[in-house]
Structures are given as structure tokens and as C-alpha cells.
Amino acid sequence: MADEHHPDEISPDERRQFDRARLIVDVHFDGADSTGVSGTTDISLGGLYLNTQLNIPEGSTLTLRIPLGGEHVVVKADVVYSNPGHGVGVRFHRLSEDARILMQRELPQP
């Protein structure tokens, strides 16, 4: 939970501003001394969960290339949750208008 010592932290109630969609795609990632392709099962306009056995620490910034509708969204994202050996939760930096439109059009509605 957010407190006065860490005002930038997000409380669990505020953590997800966007509904997540179940979408299994292979996401290319690069950053934090790691490069690879991993699957995702949850994605929203705010971020996604990346299934990976790599240890990518919280606070790391990744560049992601996400295939959607025959196109690719390239976005920067920060690791906000790390479950070493299983995956990481990432929050997108500001999406471009084109990326937002493509994601809104292609993501399944929860």
C-alpha cells in the first residue's frame, strides 16, 4: 500500500486502471541485460504480464515489440512486479496514439 515514505508507489486498489484481456502472443523484449521472446497471457492498455524464467528486477525498463492484428506495437515498459523464474508485470510508458488505437481495436474485450 502507498504510504508517505513512498508517494510514487501504487496501492493494490489503484494498480490496474485498465481491464485486462486474455491474449496469448509472443512478445519480443530487450533491456535489463536480457533479450528474448516470451509469451503473455494478460494485457491491457496499461501493461502486461510477461512469462519468462529470466530474473528481471523490478524497476528495469524494457523495450517490447507486441504483435497485434498483423502489425507490431513497440513500447517502453517498466517492470513493476517480478516473480523470478515465472515472469514479470510491466507498466507501459505513454502509448502513442497509433499504438493505443491499435490495441483498443485488437485486444479482446474482457
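The protein chain holds 1 helix and 6 strands (helices are DSSP runs of H or I with at least four residues, strands are runs of E with at least two, and both are numbered from the N terminus). Read from the N terminus, the order of these elements is β-β-β-β-β-β-α. The model is predicted, so local features need pLDDT of at least 70 and side-chain atom pairs count only at pLDDT 80 or more, while totals for chains, interfaces and linings use all residues. Residues are numbered from 1 along each chain as its sequence is written, and side-chain values use heavy atoms, with hydrogens and water left out.

**The chain as a whole**

- Of the 110 residues in the protein chain, 38% count as buried (buried means under 20% relative accessible area, exposed over 50%, and partly exposed in between, with a 1.4 Å probe and protein chains only).
- The protein chain exposes about 7000 Å², of which carbon and sulfur atoms supply 45% (accessible areas come from the Shrake-Rupley method with a 1.4 Å probe; for residues, only the protein chains shown count as cover).
- Among contacts between residues at least 6 apart in sequence, 46% join residues at least 24 apart (a contact means heavy atoms within 4.5 Å).

**The nonpolar core**

- In soluble globular proteins, nonpolar side chains tend to be buried together.
- The largest nonpolar core has 24 residues, and those that touch the most other members are L48, L64, I66, V73, V90, F92 and M103 (a nonpolar core is a set of buried Ala, Val, Leu, Ile, Met, Phe, Trp, Tyr and Cys residues joined through side-chain atoms within 4.5 Å).
- Two or more residues of this core come from each of β1 (21-31), β3 (47-51), β4 (61-68), β5 (71-83), β6 (87-92) and α1 (97-106).
- L48 lies in strand β3 and counts as buried because its relative accessibility is 0%.
- Leaving aside residues up to four places away in sequence, L48 touches V27, T40, D42, I43, L64, I66, V88, G89, V90 and F92.
- With the same kind of neighbours left out, up to four places away in sequence, the contacts of F92 include L45, L48, L64, I66, V75, A77 and M103.

**Strands and hairpins**

- Strand β2 (residues 34-43) pairs with β3 in the antiparallel sense over 3 bridges (two strands pair if DSSP finds at least two bridges between them).
- β2 and β3 form a hairpin with 3 residues between the strands, and I43 has L48 in β3 as its bridge partner.
- β4 and β5 run antiparallel and are joined by 8 bridges; T63 stands opposite K76 in β5.
- The hairpin of β4 and β5 has 2 residues between its strands, and G69 there takes a positive phi near 55 degrees.
- In a regular strand the side chains alternate between the two faces of the sheet.
- β4 shows such alternation: L62, L64, I66 and L68 point to one face and are buried, whereas T61, T63, R65 and P67 point to the other and are not.

**The helix**

- In α1, the buried residues are A99, L102 and M103.
- These residues lie on the same side of α1, because they cover an arc of only 95 degrees around the axis (the arc is that of the directions from the helix axis to the C-beta atoms).
- E97 and R105, on the other side of α1, are exposed.
- The cover over the buried residues of α1 includes β2, β4, β5 and β6.

**Salt bridges**

- The count comes to 2 salt bridges (a salt bridge is a side-chain nitrogen of Lys or Arg within 4 Å of a carboxyl oxygen of Asp or Glu).
- R105 forms a salt bridge with E71, with 3.4 Å between the closest N and O atoms.
- This pair links distant parts of the chain, for R105 is in helix α1 and E71 in strand β5, 34 residues apart.
- R105 also forms a salt bridge with E106, where the closest N and O atoms are 3.1 Å apart.
- E71, R105 and E106 are thus linked in a network of salt bridges.
- E71 counts as partly exposed because its relative accessibility is 40%, and E106 counts as partly exposed at 30%.

**A residue in a loop**

- H86 is found in the loop between β5 and β6 and is exposed, with a relative accessible area of 51%.
- H86 and N51 are 35 residues apart in sequence, but 5.9 Å apart in space from C-alpha to C-alpha.
- Not counting residues up to four places away in sequence, H86 touches Y49, L50, N51, T52 and Q53.
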